[in-house]
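The following exercises concern strand pairing and the surroundings of a single side chain. Please work through each task before reading its solution.

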Amino acid sequence: MLLGQNLDELADPNSDEFPEQQPDYTANATRAVKPEFLVVEGSCTHLGCAPLEDFDLRPSENWHGGFFCPCHGSRFDLAGRVYKGVPAPTNLRIPPYRFVRDDLILIGQDTGAA
């Protein structure tokens, strides 16, 4: 299990379907350069609504924390991966980014000093 859930609940747990939506350097279990920081586009891949954070664990509802789209009910895990059976067709997109310093992220560019 990863991030407190079963991978079989996810539509594309490894981001294989649309690899262009995930830079190669984030092709890992957390979809992040540093596992403690998730950088994703805040736009649902269904119709572009803004998913809301829902980090509360609710095992009785089989919810392990993540993001919920209030417009049409799509759900994404803590790594921005889409659950099966929701309107969103793909995982949340990861933009190009890099760490300029330990405390500064540059989004939109992934080349240069790391």
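**Exercise 1.** Which residue in β5 is the bridge partner of Phe 99?

*Solution.* The model under study is a predicted one. Begin with the two strands: β4 covers residues 97-101 and β5 covers residues 104-107. They run antiparallel and are joined by 4 bridges. Between β4 and β5 lies a hairpin of 2 residues. Within this pairing, Phe 99 has Ile 105 of β5 as its bridge partner.

**Exercise 2.** Determine the strand order of the open sheet, and explain why β1 and β3 each have one side without a neighbour in the sheet.

*Solution.* The open sheet is formed by 3 strands in the order β1-β2-β3, with antiparallel pairing. Because β1 and β3 (75-76) stand at the edges with a single partner strand each, one side of each has no neighbour in the sheet. Next, consider β2 (residues 66-68), which is connected to β3 by 2 bridges. Here Phe 67 is paired with Phe 76 of β3.

**Exercise 3.** Describe the surroundings of Arg 31, and state which side chain of opposite charge is nearest.

*Solution.* First, locate the residue: Arg 31 lies in the segment before β1 (52-54). Second, consider charge: Arg 31 is buried and has no salt bridge. The nearest side chain of opposite charge belongs to Asp 77, at 5.9 Å, whereas a salt bridge requires the atoms to be within 4 Å. Third, look for polar partners: the side chains of Arg 31 and Ser 15 make a polar contact at 3.2 Å. Finally, list the neighbours: residues that Arg 31 touches include Gln 21, Thr 26, Leu 38, Asn 91 and Ile 94.

Technical notes
Residues numbered from 1 in each chain as written. Predicted model: local features only at pLDDT ≥ 70, side-chain atom pairs only at ≥ 80, totals over all residues. Heavy atoms only, no water. Buried < 20%, exposed > 50% of the residue type's maximum accessible area, 1.4 Å probe, protein only. Lys, Arg positive; Asp, Glu negative; His and termini not counted. Polar contact = N/O pair within 3.5 Å; in protein donor to acceptor, adjacent residues only side chain to side chain. Contact = heavy atoms within 4.5 Å. Pairing = 2+ DSSP bridges. Lists of a residue's contacts leave out its neighbours within four places in sequence.
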